[in-house]
Amino acid sequence: MPMTRRLLLGGSAAAAALAALPLTDGIDWVAVARAAEAGGFGYGVASGDPLADRVIIWTRVTPLVGGRPALPGSGLGDPLPVRWEVFADAALTCLVASGNVTATAASDHTVKVDVPGLQPYTAYYYRFTARGETSPVGRMRTAPDEAGKMHALRFGQVSCSSYTSGYFQAYRAMADRDDLDFVLHLGDYIYEYANDSGPFGSGERAAEPAHETISLADYRLRYATHRADADCRRCHQRHPFIAIFDDHETANNAWSDGAENHNPGEGSYADRKRAGYQAYAEWLPVRITNADPHRGTQFFRRFTFGSLADLSVIETRQNRSEQVGGKYAFVLVGDPATDATINDPGRQIMELEQMRWLKGGLTTARTWHLIGNQVMVSPLAWPGQYLGAPQGTILSNTDAWDGYRAQQQELLSHMAAQPKSNGDTVVLTGDIHSSWVENLVGDPAAQVRAARAAAAQVQAAPGTTPTGPAAGRRSGEITGAGDQGTAIPRGVHQRLVVQPGTPASARALTPAGVEFVCPSITSDGLYEFARQAVQSPTLSLAAVTAAEPVLRVLNPSLQYFNGVGHGYILIDVTPQRVQADYYYTPTPSETDPDPRRRRDAAVTYASSWQTLAGSRVATEARGPVGARRDQPYAAPCQPQSTPTAPGTQTPPSPGAPSTNGTPPKESVGGLASTGSHH
């Protein structure tokens with residue numbers, strides 16, 4: 001098959017390894033060859049879903065077939081016995097748990113072990129051995145969930161890590177920290193696009209496979225590409241992850257029976273969805289128990305941190321209704337037919353069982369209820385002019401909760417109705433490739449009415465003429481909103497100004513909580529979209545700066561906005577407040593127009609926001625958080641006991657019986673939790 005010179009020049013050793021590798025179905029293995037070349041554990045180790053007494057540990061073992069590595073997605077390689085060990089100390093002198101599992105082609109030779117019997121809020125170290133080799137040593141900690149005690153809680157919040165868009169500086173920055181309990185990844189861990197497809201498919205690095213991911217082999221290889229990245233691998237090695245997928249782990253703007261980016265000729269969407277979910281469950285250290293009422297496979301789950309907080313991680317793709325608005329999911333608010341559809345109580349962003357579970361969790365008495373969420377919960381109005389619609393109109397993105405107004409109202413009114421004794425809710429969101437702080441209110445429809453009333457104040461800047469695919473139209477559906485159906489209107493480069501008038505207000509509305517929205521790690525945001533239109537970094541920055549007062553007049557609950565930086569949020573939780581510290585890549589300039597493409601670009605502190613207990617609103621904080629108020633315990637070293645019989649782990653393929661209780665047709669990956677404790 002043809003290879004580009006750029007891909008082959010990864011080093012003579014990698015090229016030599018490539019020459020010996022099997023090529024199947026036209027797949028180019030170059031990007032992941034280096035990881036396989038590094039030995040049996042070239043994709044590193046990871047931990048995830050920490051509870052008080054257990055944590056999942058993960059690795060991928062590369063088998064040899066005829067002396068050559070069988071790479072991810074190949075389906076090649078015999079079963080491999082793998083030993084896992086957990087230690088109380090970094091020097092690995094005190095073994096506290098161990099066992100044996102089996103890596104098979106059915107799970108892409110990944111293994112996940114749910115290690116039980118651990119102590120709460122305690123640091124541990126772990127490793128694997130197979131093929132006569134030993135893995136890197138991973139560091140993990142159990143949840144700060146100890147009866148009768150309230151500990152510190154601090155974690156990183158990230159989303160949207162497009163491999164082709166740049167380097168993972170945010171992963172590197174978090175890996176360098178020693179104060180995180182875990183990393184919360186809110187979706188779009190991978191992107192499905194081909195390397196030559198649009199803003200998320202062309203850029204700094206080439207992903208594998210080069211074509212769009214559709215099959216199980218494709219998705220497995222795309223995850224392997226990410227885990228071959230040194231910064232991603234090191235972040236997983238040093239911190240547990242709590243992760244949930246969004247749409248791009250299958251296809252853009254996914255819903256229950258299809259997706260914007262699933263097209264004729266690409267086969268059954270049900271098969272594609274099943275493949276995407278299976279690869280996700282194989283390559284991410286997530287726990288799947290199917291313990292609560294649900295539909296399909298239960299990916300939503302809850303973590304508790306004593307009386308301080310809980311974290312409900314929700315899933316909003318598997319069972320959602322199709323988005324309103326056609327291919328690009330933007331609509332003009334005020335069109336009667338469109339409004340009737342997005343307000344239809346029969347439409348859902350999550351199944352009813354999950355909504356009941358989520359609301360039920362908010363009634364438990366804790367200081368803070370955190371929700372790990374994919375797309376924005378808060379109503380968000382964009383000026384119609386951004387897509388060429390007339391002055392006085394506003395746009396909604398119906399891929400967000402704005403497209404499912406009945407459930408949006410149900411959740412926010414429930415949050416607002418909770419007595420102060422039940423605590424306050426903070427929603428943690430990704431998806432939109434930009435940073436936002438929003439005050440949530442119990443009547444989101446009133447926010448939308450306020451935005452429509454204020455829309456007349458937004459006008460084109462003097463000497464400019466609005467342009468766009470829907471210019472002059474007042475119908476509900478917007479066509480040609482932009483490539484890839486992004487959550488950002490493609491006309492953000494247009495200069496709009498706010499004329500004097502009576503500003504919209506949400507002061508009289510009942511507070512429901514706060515939403516902290518993180519920037520993307522690398523995926524294109526407002527600045528990149530503006531730059532695609534105007535080219536100049538200076539003009540693009542000016543366009544994003546000009547957008548802020550426009551967004552504020554339409555969205556009076558908006559407290560903070562940044563459409564330029566990429567990075568992460570540091571979330572710190574105390575009994576008095578939840579604080580969000582925003583960390584970004586450098587501001588672009590004419591000499592450094594895209595810092596994402598500099599591997600050594602530093603991610604630095606930018607801004608802090610907080611919500612005080614009992615207030616249910618956000619205010620600016622004075623500066624970044626300081627040192628943790630306490631540290632995890634050192635694990636006690638206990639005498640080794642006689643090992644039990646080894647357990648095995650062979651995650652089922654779709655349709656086979658599951659080792660973790662998943663119904664056969666939804667089997668997406670099993671766990672092993674057998675072994676010995678010492």
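Okay, before we start, one term: a residue counts as exposed when its relative accessible area is over 50%, and as buried when that area is under 20%. Keep that in mind, and remember that what we're looking at is a predicted model.

So, cysteines. A disulfide is a covalent bond between the sulfur atoms of two cysteines. How many disulfides does the count come to here? Just one disulfide. C94 is joined to C637, with 1.9 Å from S to S. That link is right-handed, with 110° about the S-S bond. And the pair connects distant parts of the chain, 543 residues apart. You'll find C94 in the loop between β5 and β6, while C637 sits in the loop between β32 and β33.

Now, is C637 buried or exposed? C637 has a relative accessible area of 55%, so it's exposed. Its partner C94 comes out at 5%, so C94 is buried.

What about C232? It's buried, at 0% relative accessibility. The closest cysteine sulfur to that of C232 belongs to C235, and it's 7.4 Å away, so that's too far for a bond. C518 isn't in a disulfide either: its nearest cysteine sulfur, in C160, is 6.9 Å away. C518 is also buried, because its relative accessibility is 0%.

Last stop, helix α10, residues 405-417. With 13 residues at 1.5 Å a residue, α10 should span 18 Å, and the end C-alpha atoms are indeed 18 Å apart, so the two agree. Which residues of α10 are buried? Among them are R405, Q408, L411, L412 and M415. Handy background: an α-helix has 3.6 residues a turn, so residues three or four places apart point the same way.

Note on methods
Residues are numbered from 1 along each chain as its sequence is written. This is a predicted model: local features need pLDDT of at least 70, side-chain atom pairs count only at pLDDT 80 or more; totals for chains, interfaces and linings use all residues. Side-chain values use heavy atoms; hydrogens and water are left out. Helices (H or I, at least four residues) and strands (E, at least two) are DSSP runs, numbered from the N terminus. The expected span of a helix is 1.5 Å times one less than its number of residues. Buried means under 20% relative accessible area, exposed over 50%, partly exposed in between (1.4 Å probe, protein chains only). A disulfide is a pair of cysteine sulfur atoms within 2.5 Å.
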